[in-house]
Amino acid sequence: MRLGLRSNPMKTEAAVLVETGKPLELVSLEIPPLSRGQCLVEVAYSGACHTQILEARGRRGEDPWLPHCLGHEASGIVLEVGDGVTRASPGDRVALSWIKANGIEAGGSTYDWNGKTVNAGAVTTFQRHTVVSENRVTVLPDGLEMTQAILLGCALPTGMGSVLNVGKPIEGEAVVVFGTGGVGLCAVMGAVVSNCNPVIAIDLLESKLEKARAFGATHTIDSSEEDAIARIAEICPGGVDIAIEATGRPAVMAAALSTARSQGGRALVIGNAPKGQTVTLDPSEFNQGKSLLGTWGGDAKPDRDFPLFASLMTEKKIDVEPLLSQPYRLDEINNTLDDLEAGRIGRPLIKMKNS
């Protein structure tokens, strides 16, 4: 069906944020008819990142959209498309991402939950079926596993994209990555495929540093055991060319800038800090010719960058499997977020089908 003219109402199971600071609730939602520029996608796998943790825990400030759906990275199959959609067709395997591509910006949707309205943005993925805006859908190339495709939604464009598009490394430049969660590990991979050297990874958990080494980090620093800044100075006495902050902690943002070399070093902030937190910087850092840079999803453009990231995976130039968790079920969503927040997993893989 192209225009979403269903003969009978269709329902789907979704994990909905009803009240911040409380567990997500598994509910049955009625799927609305498609509007112009929308696609109905059967979700195969969803990922999750710290943005969802901030939202669910109420760390992004007041939430005026409650109750609402969550999730912004997934893989799936297009079931229907609304009027005007040319980017995908029913039957296409797709990646879903919060990062806007070409195509119609159709905005958010609302679902019915036993007479209650449940809000959803232009893309949500903690549900078995989802209505998404055309410009959040990218058709997958042959050969890319649906499990790996979830990384196109956020982790790879944000982490690897920050290195390639914002840091713009030259071969042989020194890179340090503070925080080796899912996005930080993708930044490590970005530095490795750019032939940077050394590539230094820092974290509090040895299990994460083990993954960083598997992804090609030349040096790892357990900051619970040693002074990371002093150790970086030993490895790179003049400072690093690119310092990536992927923890969301303001103190680490300042530390990243301090490790950048004078006259050309750049620090990139990827992590999301809770609302209301601030960062204190030494102004003399800027007088030394350092740059502090931000990024919106690694400055990635899906139509330009997603084919590159996909080819790196399909051609085995990067191996993302160690990053992905064992599959969780949708009814384990609250355990999934707990495990992600505790650092027990790299990137969660949430399987939507029960079989």
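In the predicted model, Asn195 is located in the loop that connects H4 to S12, and this residue adopts a positive phi of about 60 degrees although it is not a glycine. The loop between helix H4 (182-193) and S12 also contains Pro198, and the peptide bond that leads from Asn197 into Pro198 is cis, with omega near -5 degrees. A further cis peptide bond joins Leu66 to Pro67, where omega is near -10 degrees; Pro67 belongs to the loop between H1 and strand S4 (68-69).

Strand S12, which follows the loop holding Asn195 and Pro198, is part of an open sheet of six strands, arranged in the order S13-S12-S11-S14-S15-S16 and paired in parallel. The edges of this sheet are occupied by strand S13 (219-222) and strand S16 (291-294), each of which has a single partner strand, so that one side of each remains without a neighbour in the sheet. From one strand to the next, the twist averages 15 degrees. At the S16 edge, strand S15 (residues 266-269) runs parallel to S16 and is joined to it by four bridges, and Val269 has Gly294 in S16 as its bridge partner.

Helix H3 (residues 155-167) packs on the sheet, where it touches strand S14 (242-245), S15 and S16, and its direction makes about 140 degrees with that of S15. Helix H6 (residues 228-235), in turn, lies across strand S11 (175-178), strand S12 (199-203) and S13, and runs at about 160 degrees to S13.

Besides its packing on the sheet, H3 makes contacts with two helices, H4 and H9. With H4, the packing angle is about 40 degrees and the axes lie 7 Å apart, which makes H3 oblique to H4. The crossing of these two helices is right-handed. On the H3 side the contact is formed by Ala155, Leu156, Thr158, Gly159, Met160, Val163 and Leu164, which meet Gly182, Val183, Cys186, Ala187, Met189, Gly190, Ala191 and Val193 in H4. Classified by residue type, the contact of H3 with H4 comprises 11 nonpolar and four polar residues, with no charged residues.

With helix H9 (residues 302-314), the axis of H3 comes within 11 Å, and the two cross at roughly 105 degrees; H3 and H9 are therefore roughly perpendicular to each other. Leu156, Pro157, Met160, Gly161, Leu164 and Asn165 of H3 make this contact with Arg304, Asp305, Phe306, Leu308, Phe309, Leu312 and Met313 of H9. The residues involved in the contact of H3 with H9 divide into nine nonpolar, two polar and two charged. Leu156, Met160 and Leu164 of H3 appear in the contact with H4 and also in the contact with H9.

Another helix pair is formed by helix H1 (residues 50-57) and helix H10 (residues 333-341), whose axes are 10 Å apart and which pack at an angle of about 115 degrees. This angle makes H1 roughly perpendicular to H10, and H1 passes H10 in a left-handed crossing. In this contact, His50, Gln52, Ile53, Ala56 and Arg57 of H1 meet Leu337, Asp338, Leu340 and Glu341 of H10. The contact of H1 with H10 is made up of four nonpolar, two polar and three charged residues.

With a nitrogen-to-oxygen cut-off of within 4 Å, the count of salt bridges comes to 20. One of the pairs that meets this rule is formed by the side chains of Arg266 and Glu173, with an N to O distance of 2.9 Å. This pair links distant parts of the chain, since Arg266 belongs to strand S15 whereas Glu173 lies in the loop between H3 and S11, 93 residues apart. Arg266 thus sits in a strand that H3 touches and that is bridged to the edge strand S16.

Definitions and conventions. Residues numbered from 1 in each chain as written. Predicted model: local features only at pLDDT ≥ 70, side-chain atom pairs only at ≥ 80, totals over all residues. Heavy atoms only, no water. Axes fitted to C-alpha atoms, helices over the stretch in contact; angles between N-to-C directions. Parallel < 35°, antiparallel > 145°, perpendicular 65-115°, else oblique. Left-handed = near helix turned anticlockwise from the far one by under 90°. Contact = heavy atoms within 4.5 Å. Nonpolar A, V, L, I, M, F, W, Y, C, P; charged D, E, K, R; others polar. Pairing = 2+ DSSP bridges.
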